[in-house]
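Have the model open and ready to turn as you read. We'll start with one side chain and work outwards to the whole fold.

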Amino acid sequence: EGDGRFAGVIVAMEAFGLNGHIKAVAERIAREGYVVAAPDFYYRASGDRVVGYDELPKAIQLMMDLPGYDAITADVKAAIDLVESQPQTDKGRIGMTGFCMGGFLTFLSACRLPIRAAAPFYGGGIGREMLPPSERRPYPPIDEAGGITGSMVVFYGEKDGFIPPEECALVKERLAQLGKDAEVIVYPGADHGFFCDQRPSYHEAAAQDSWKRLLRLFDTKLRG
C-alpha cells in the first residue's frame, strides 16, 4: 500500500516448498515498500509440494525433480513479468533473494536475467558440483557468473554442513576475479538455515545482520 511506483522483489523458496516461513519473508519485504512475488517452483509436481523441516528426504526428492536451468530461468522470468505487470511496479527495478535451494536459484537467475540486486542465502552447489553432472545440472552456476550485471551479497554460515568453507572461498574469489559488485559474508558459528526462526539452526545474530544487509542492498540498488 502507498503512493508511487515501487521496485519489485522475487523471493525464492527453500527445498521444503512455499511454506509459511517463505510467505512471511515475502510479506516482511513487501512491508519495506516493495512489490513482492514468491513463486511455487514445485508447481509441476504431483502430490505434496510443501513438506516439513523434519522431512528432508522428501524435500530433496522435490528439489531433484526440478527441471533444468533453462526452465527454471523461464519460471523466474515469468515471476518478474508478473511483478512488472502490476500497476504499482516501476519496471526495470527488480531484486531477488532466496534461501537454501532458493539461494541457488537466486544466483543462477542473477547470472541470466537483468536483476539489479541479488541476495542468495546459503545456496548449496553454487560453486561446486554436489552431484555428478547431468542434463538438468550440467555445471555449477558459478560458471555463468560472468553474466551477472547487478549487485550481489552472498550469505553463508561458517558451520554449514552442506556448504564447505572451500566453496564459500571459491565463490568469493571467482566474483572478485570477474570484477563483480559482489560481497560474500560468512557468519561465524552459523549453520545452514540460520535465517529461519522455525528451524533449530536459527542464529539470531546472523539473521538480524543479514536482514540489515539485504535491506541496505535493495535500498541502495533498487531505490537509489
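Glu144 is buried, because its relative accessible area is 17%, and the cut-off for buried is under 20%. That makes it a good place to start in this predicted model. So who does this carboxylate pair with? Glu144 forms a salt bridge with Arg112, and their closest N and O atoms sit 2.9 Å apart. Find Glu144 in the loop between strand E4 (117–121) and strand E5 (151–157), then look for Arg112 in helix H4 (residues 101–112); the two are 32 residues apart in sequence, so the pair ties together those parts of the chain. Arg112 isn't hidden the way its partner is: with 28% relative accessibility, Arg112 counts as partly exposed.

Now move along to another pair. Glu183 and Arg213 also meet through their side chains in a salt bridge, this one at 3.6 Å, N to O. Here Glu183 belongs to strand E6 (residues 182–187) and Arg213 to helix H6 (residues 204–223), so a strand and a helix are tied together by residues 30 apart in sequence. Both ends are partly exposed: Glu183 has a relative accessibility of 38%, and Arg213 comes in at 23%. Back at the starting point, there's a bit more to see, as Asp70, Arg112 and Glu144 are joined into one network by salt bridges that share partners.

For a pair within one element, go to helix H3 (residues 69–85), where Asp81 and Lys77 are 4 residues apart, about one turn of the helix. Their side chains form a salt bridge of 2.8 Å, N to O. Asp81 is partly exposed at 38% relative accessibility, and Lys77 is partly exposed too, at 36%. The full tally for the model is 14 salt bridges. As background, side chains of opposite charge can pair when their charged atoms come close.

Next, leave the charges and look at the greasy side chains. In soluble globular proteins, nonpolar side chains tend to be buried together. In this model the largest nonpolar core has 74 residues, and Phe107, Phe121, Leu175, Phe194 and Phe195 are the ones with the most contacts inside it. Helix H6 gives this core its largest share, 8 residues.

Which residues does Phe107 touch, once its neighbours within four places in sequence are left aside? Its contacts are Pro120, Ile126, Pro141, Ile142, Ala145, Ile148, Met152, Val171 and Leu175. Leu175 is itself one of the residues with the most contacts in the core.

Time to zoom out. The protein has 6 helices and 6 strands, and reading from the N terminus they run β-α-β-α-α-β-α-β-β-α-β-α. Its radius of gyration is 16 Å, close to the 17 Å that the globule rule gives for 224 residues, so the protein is as compact as a globular protein of that length. Along the principal axes, the C-alpha atoms fill a box of roughly 45 × 45 × 35 Å.

How much of the chain is buried? Buried residues account for 50% of the 224. As for the outside, the protein exposes about 10,400 Å², with carbon and sulfur atoms supplying 51% of that area. Finally, take the contacts with a separation of 6 or more: 71% of them are between residues 24 or more positions apart. The Glu144–Arg112 pair, with its 32-residue separation, gives you a concrete picture of a link between distant stretches of sequence.

Note on methods:
Residues numbered from 1 in each chain as written. Predicted model: local features only at pLDDT ≥ 70, side-chain atom pairs only at ≥ 80, totals over all residues. Heavy atoms only, no water. Salt bridge = Lys/Arg side-chain N within 4 Å of Asp/Glu carboxyl O. Buried < 20%, exposed > 50% of the residue type's maximum accessible area, 1.4 Å probe, protein only. Core = buried A, V, L, I, M, F, W, Y, C linked by side-chain atoms within 4.5 Å. Contact = heavy atoms within 4.5 Å. Rg over C-alpha atoms; globule rule 2.2 N^0.38 Å. Areas by Shrake-Rupley, 256 points an atom, 1.4 Å probe, with all protein chains shown as cover.
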